[in-house]
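Colleague: I would like to learn how to read the features of a model like this one. Can we go through them step by step?

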Amino acid sequence: MADDKFQDQARDVADKAQELIESVEALVSEGTQLLVSSGDYTGPSALVIGLTVFVLAVFVGYHVVWRVTPALHSPLMAVTNAISSVIIVGALIAAGPADVGFSEIMGFLAVTLAAVNIFGGFIVSQRMLSMFKKKK
């Protein structure tokens, strides 16, 4: 008997939650329509979008790397080195113009740090692979 009463209460709560969801959806839709029709709404700024993508990338990257087994560490480092080589291409484009400004300085810094990452990663990978070679 108590289980039936509990199930009925759960159904009532679920129905009320569904009604609340529908009300919120309607309010959001009406609010968005009002903003768009008034001409004041231009959408999220590029900074907000960029920060959102950055934060999501940090969380996804952290969870992906955290779950890597030690046996896959060397292949992961090789992929990281490949990503750094793509960064170098973008940094070379940024550092390319003849006039010196903030973007050129940051591009040069990116080239330098990515090069250190690439060559350091290859040195570490080489040392790790040499540990698995048979000794003569």
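The dialogue below takes the fold, a helix, burial and two surface patches in turn.

Colleague: Which elements does the protein chain hold, and in what order do they run?

Modeller: Bear in mind that this is a predicted model. The protein chain has four helices and zero strands. From the N terminus on, the order is α-α-α-α.

Colleague: How do I read the span of helix 4?

Modeller: Compare the end-to-end reach with the value expected at 1.5 Å a residue. Helix 4 covers residues 102-130, 29 residues in total. From first C-alpha to last, helix 4 reaches 42 Å, close to the expected 42 Å.

Colleague: What share of the protein chain is buried?

Modeller: Buried means under 20% relative accessible area. Of the 136 residues, 10% count as buried.

Colleague: Which residues of helix 4 are buried?

Modeller: They are Glu 104, Gly 107, Val 111, Ala 114, Ala 115, Ile 118, Gly 121 and Ser 125.

Colleague: Now the surface. Which residues gather in the patch of negative charge?

Modeller: Asp 12, Asp 15, Glu 19, Glu 22 and Glu 25. Take Glu 22, which lies in helix 1 (residues 2-38).

Colleague: Why does Glu 22 count as partly exposed?

Modeller: Partly exposed runs between the 20% and 50% limits. Glu 22 has 46% relative accessibility, so it counts as partly exposed.

Colleague: And which residues make the nonpolar surface patch?

Modeller: Phe 54, Val 55, Val 58 and Phe 59 make a patch of about 390 Å². Val 58 sits in helix 2 (residues 46-66). Val 58 counts as partly exposed because its relative accessibility is 42%.

Definitions and conventions: Residues numbered from 1 in each chain as written. Predicted model: local features only at pLDDT ≥ 70, side-chain atom pairs only at ≥ 80, totals over all residues. Heavy atoms only, no water. Helix = DSSP H or I, 4+ residues; strand = E, 2+ residues; numbered from the N terminus. Expected span 1.5 Å × (residues − 1). Buried < 20%, exposed > 50% of the residue type's maximum accessible area, 1.4 Å probe, protein only. Patch = residues over 30% accessible without salt bridge, like charges linked within 9 Å, V, L, I, M, F, W, Y side chains within 5 Å. Areas by Shrake-Rupley, 256 points an atom, 1.4 Å probe, with all protein chains shown as cover. Salt bridge = Lys/Arg side-chain N within 4 Å of Asp/Glu carboxyl O. Lys, Arg positive; Asp, Glu negative; His and termini not counted. Charge placed at Lys NZ, Arg CZ, Asp CG, Glu CD.
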